Structures are given as C-alpha cells and as structure tokens.
Amino acid sequence: MNLFAEGLSLSWMVGSLLILAGLLIWAVRTAPWYKIQNDKGAQHVILAASLIVFLTWQFAASLGDGVTFHFLLMTTVTLMFGPQFAILAMSLALIGVTLQSGLGFLGFGVNALLMGAIPVFITWWMARWAFNVLDRNIFVFVFFNAFLSAAVGVVVSLGMAALVMYAAEIQSYETLKQSFIPYIPLLAMPEGFVNGMLMMAFVLFKPEWVSSFSDRDYFN
C-alpha cells in the first residue's frame, strides 16, 4: 500500500519520519555487518532482495490516492537477513518505489512503517517466540515462521493502513468499508503462501541465504 505525501498532514509526515529515522539508526548501529563485510555474494543477495521487493511493489491493484494492494515479502526478507538488514533493504526498495511512482518523500516515513516496519517486527517476534517455545523442525519454520507470520503481518499492516487513511482523512469510512477493509483478510492466504513457498525453496536449496535457519537446529 502506497500513500501519496499530498494526502497526509504535516504531523503525520514529520512524526513518521522521526520514528523511521530512529529505526534506521538502530538498524545501522546493530546490524551484523561482519556477516557481509567481506562477502560479495551476501551483499549481492541483499541487493537482489531489495530489487525484487521494489519490482513486486510496482505490481499493485489501485484504489486511488496511492492506495494499492500488493505483496509485501517482508517476512521472507526478515527471515533471510534479520530485522536490521530487512529495514535497510526495505528502505532502499521504497526509495525506488517513491521515485518511480511519484509518492513524495515526505510520505516516505508512513509508507516505510506500514509496509515495512510492522511486518518486519511481527515476523521477527513470532520467529523468536517459535524458536523458544515450539518444536524446532522445518515444518514449524515454514508454516509458522514464514506462512503464518506473513499472513498476520499483512493483515496488521493493512489494518493499520486503514486506520491511518481514516484518521488522516485520506479516505472516508464508507470508501474503506466498501473497497479496502473487506479485502484485508483475503490477502492473508496469498501473502502467507508466497512467503512460505519462498522459504521452503531457500531452506532446501540455499539454506546459507537464510540467517534465521540452521540445519543443526531444525534438522537434528
């Protein structure tokens, strides 16, 4: 979901940018840079993930005023790289989306929090909870960490987006009730399926790309 800056008040734009700035500072300061510092392959994988997110966010069904439905893929990016690199990769992709779609950089913070930060932290919290509480096997990783986390993340993200659009008077309640809110639960299954299938493929064929997965924890 992409919101144009013109539809947002100054308080929404400034407040969201300040929160995003705090998240970016946290991500830069705490990211495990040592994992990619001398690894060109890992750097290329992260850049490729940013590019795929950028391209995915270009294919969207539009409601008007920048309101769109599209896959987020934040669960896949988070499980692959961790929350810090996921926030940075998402921000890089969103820069491209903002330039391409003319959303306006004053709305960058709101879009980053709704489309990126919310699903990223939901995924990471659910993954850490599952690691500590549930059985550690590949089925839990794929179906809970990937499928369910992605489904929950997109529902919460779009639900918060609906609240923002209503509170900021971007869309009326009637429009949201008819053209936005009914589609939110319908997107949970596709988002979960896509992320679950991607994680299944990665852990089977490229487990070294998935930082939150290890053979020792999930196969032994």
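1. Let's start with confidence. Among the elements of this protein, strand E1 (residues 61–64) has the lowest mean pLDDT, 64, while helix H3 (residues 74–81) has the highest, 97. Keep in mind that this is a predicted model. Across the protein the average pLDDT is 90, and 95% of the residues score at least 70. Where pLDDT is low, the predicted coordinates should not be read in detail. Please go gently with E1, then, given its mean of 64.

2. Now look at H3 itself. How many of its eight residues are buried? Eight of the eight are, so H3 is largely enclosed by the rest of the structure. You can click through them: Met74, Thr75, Thr76, Val77, Thr78, Leu79, Met80 and Phe81 are the buried residues of this helix.

3. What surrounds H3? Its buried residues pack against helix H2 (40–58), helix H4 (83–101), H5, helix H6 (138–167) and helix H8 (188–205). Just after H3 comes Gly82, which takes a positive phi of about 90°.

4. Thr123 is a nice residue to follow from here. Find Thr123 in helix H5, which covers residues 108–133. Is Thr123 buried or exposed? Its relative accessible area is 0%, and because buried means under 20%, Thr123 counts as buried. Leaving aside neighbours within four places in sequence, Thr123 is in contact with Thr75, Thr78, Leu79, Asn145 and Ser149. Thr75, Thr78 and Leu79 also appear among the buried residues of H3, so do display both helices together when you look at this spot.

5. Next, the largest pocket. About 250 Å³ of space lies in it. Of the 14 residues that line this pocket, the closest to its centre are Ile36, Ala42, Phe81, Glu208 and Trp209. H2 and H3 each supply at least two residues of the lining. Which helix gives the largest share? That is H2, with four residues. Phe81 is worth a second look, as one of the buried residues of H3 and one of the residues closest to the pocket centre.

6. Finally, the aromatic rings. The structure holds nine aromatic pairs. A pair of aromatic rings is described by the distance of the centres and the angle of the planes. Phe69, Phe180 and Tyr183 form one aromatic cluster. There is also a charge placed over a ring: Arg136 lies over the face of Phe131, at 3.7 Å from the ring centre. Try turning the view until you see Arg136 above the Phe131 ring.

Terms used: Residues numbered from 1 in each chain as written. Predicted model: local features only at pLDDT ≥ 70, side-chain atom pairs only at ≥ 80, totals over all residues. Heavy atoms only, no water. Phe/Tyr/Trp six-rings, centres within 6.5 Å; stacked < 30°, edge-to-face > 60°. Lys NZ or Arg CZ within 6 Å of the ring centre and 35° of its normal. Buried < 20%, exposed > 50% of the residue type's maximum accessible area, 1.4 Å probe, protein only. Contact = heavy atoms within 4.5 Å. pLDDT = per-residue confidence, 0-100. 1 Å grid on protein atoms, 1.4 Å probe; cavity = no way out; pocket = protein on both sides within 12 Å on 5 of 7 lines; lining within 4 Å. Points joined across faces, edges and corners; volume = space filled by probe spheres on them.
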